[in-house]
Amino acid sequence: MEILATGPLNTVQDLGRFGYRNVGVTTSGAMDPLALRAANILLGNAETAAAVEVQTFPFRLRFDRDGAVAITGADCRPVLDGVPLPPWWALPVRAGQVLELTAPVSGARSYLAVAGGIDVPVVLGSRSTALRGDFGGLEGRALQQGDRLVACAGGVADLPATGLGVVPPETALAAHFPARDETGTLVLRALPSGEHDLFGRDAERFWAQEWKISAQSNRTGYRLSGDPIHPDKPVEMRSHGLVPGVVQVPPAGEPIIQMSDANTAGGYPKIAGVIEIDLWRLGQARIGSRIRLQRSDVATAIAAERAVEAWLSDIRHTAAMVTDALAGMAGRQGRSEHED
Amino acid sequence: MNTLATPAIATATEAAKISMIGSRAFLVEAPGAFDLPAQRRIWALAQALEAQPDVQELVPGMTNLLVLLKATPADPQAVLTRLRDAWAASAEMDRPSRLIEIPVHYGGEMGADLPAICDFSGLPAAEVIARHHARIYTVFALGSAPGFGYLHGLDPAIFMPRKKVPSLNMPKGTVTIGGMQAGVSVLTGPNGWNALGYAEIEVFDPHAAHPALMAPGDTVRFLPERIEL
């Protein structure tokens, strides 16, 4: 497929590059892994297959061969050859068709997956683009107009002509994630981290207040703005390993939440860590929107993880059933018999 | 006055500080001084945990170790206890060590913070440079950017706090001091460490079998190739 139009910073991402933090390599990977996994499942891909993460719009491409696509994540009102598609939808495409994604009304990042997955070289175990380091993805960089992407061999061929959809997790999993405040503030669950108690009374202000996601936020980290918080006395830390979700407080007192392209090491005092299963929601939070951190525990995290896995498992079964039925009608072998 | 030297007395009986970051990462911080014996125990701890089936990744830092589990543990208290015991049981270990020699062009345009280091240390530029290349450094850990080595062994006379306002576009290869650590930057970009020279060196190749030039335990010597004052 050929990219006809793209904004800056749209990249090829899979679920991330693991095992190289100890040599300073960030994990990268989709900011909304649920959206990527669901898109891959709809297409019969391995969940780890690479897709395009679109975070600036419009994004337009032309398919140069027949295949299938899935578009998940933020609803970017996809249009295929002039025909609007529902959100969280997978369908067959033909060579020559043009797909356009436009700026979503809510959410921040959309995922465009193709049957087979995007075929770029695997570097250090992953196809994700590492913008810090200039490797992975397509030539280690963001996508540009005129780029051509190809799909790996394989992937499912049998999708209903009109497509197949999923109820988005925001709705399907609503019972397992905190509801937004009346004002629309996103509530994220977090555990206190190493230096939490050094913040004294400011720690309570950290949990109580709403923070705004500042314009200096990207895949590396979200900078929050609000009423600054400070430890009771300055903290000198030795550099240590970091994971996405860590909430650090630099001297100016406005927290930073590290995200998918997180630095692998740092030394600002850490007040909290967002639980991993809530990070996809933060990945979909827009610049200028508000969040609040809610004190949580591992039991809550594990319950949410199980709900997510059950939701994905449902998609897997439904998709397999539909494609098997179609394959049966066409007299071909269905998906469930060659599932990996 | 140099206020960065913070001598501390480490005793074998002191417990490590262990805390959680999010739902499945644990940070083990060695008590006591920022020194090689503490780091050698961190390496031993990493080795001891390597084979544990629930451990996904181990990331040594500066006298600390990030332990990332494969899954959120149902009983984090049990993990804390296990890590505390593992720390108590870990003795200092040697790591295989190679000597990496790095020729440096000191001063000039690429050593823009040399005057500030002179001011802070009260030493003339030639003395700062001499003290920088007189020492043999140990790679404590890699991190921050691909292949970046945190070097321990800096002469306390030239400790230099990180900048309050980072340089926006420090070139790759800049020879730097950050607090009591030394390093050579590996990416061009914002950097809060202090520049005193430049080295032409590739420390990371993502396509190589061993992508990083340095490994924890290696030693590094800077060779004064050129001094521009």
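**Notebook: chains A and B, contacts, domains and cores**

I began with the pair of chains and found that 36 residues of chain B are in contact with 34 residues of chain A, where contact means that the C-beta atoms of two residues, placed from the backbone, lie within 7 Å. I then looked up which elements of chain B give two or more residues to the side that touches chain A, and these are strand 1 (17–21), strand 2 (25–29), strand 3 (55–60) and strand 4 (64–69). Strands here are DSSP runs of E with at least two residues, helices are runs of H or I with at least four, and both are numbered from the N terminus. Strand 3 of chain B gives the most to this side, with four residues. By residue class, the side of chain B that touches chain A divides into 23 nonpolar, eleven polar and two charged residues; Ala, Val, Leu, Ile, Met, Phe, Trp, Tyr, Cys and Pro count as nonpolar, Asp, Glu, Lys and Arg as charged, and the others, Gly among them, as polar.

I noted that this is a predicted model, in which local features need pLDDT of at least 70 and side-chain atom pairs count only at pLDDT 80 or more, while totals for chains, interfaces and linings use all residues. Residues are numbered from 1 along each chain as its sequence is written, and chains are lettered from A and ligands numbered from 1 in the order in which they are written.

Next I turned to chain A, which is divided into domain 1 (2–171) and domain 2 (177–296), with bounds from an automatic or database domain assignment. The centres of the two domains, taken over C-alpha atoms, are separated by 28 Å, and 18 residues of domain 1 are in contact with 13 residues of domain 2. The side of domain 1 that touches domain 2 comprises seven nonpolar, seven polar and four charged residues.

I then looked at the largest nonpolar core, which has 107 residues, and of these A:Ala39, A:Leu42, A:Ala51, A:Val69 and A:Ala113 touch the most other members. Such a core is a set of buried Ala, Val, Leu, Ile, Met, Phe, Trp, Tyr and Cys residues joined through C-beta atoms within 7 Å, and a residue is buried if 20 or more other C-beta atoms lie within 10 Å of its own, with C-beta atoms placed from the backbone. Helix 1 (residues 33–43) of chain A supplies the largest share of this core, eight residues.

Technical notes. A residue is buried if 20 or more other C-beta atoms lie within 10 Å of its own, exposed if 12 or fewer, and partly exposed in between; C-beta atoms are placed from the backbone.
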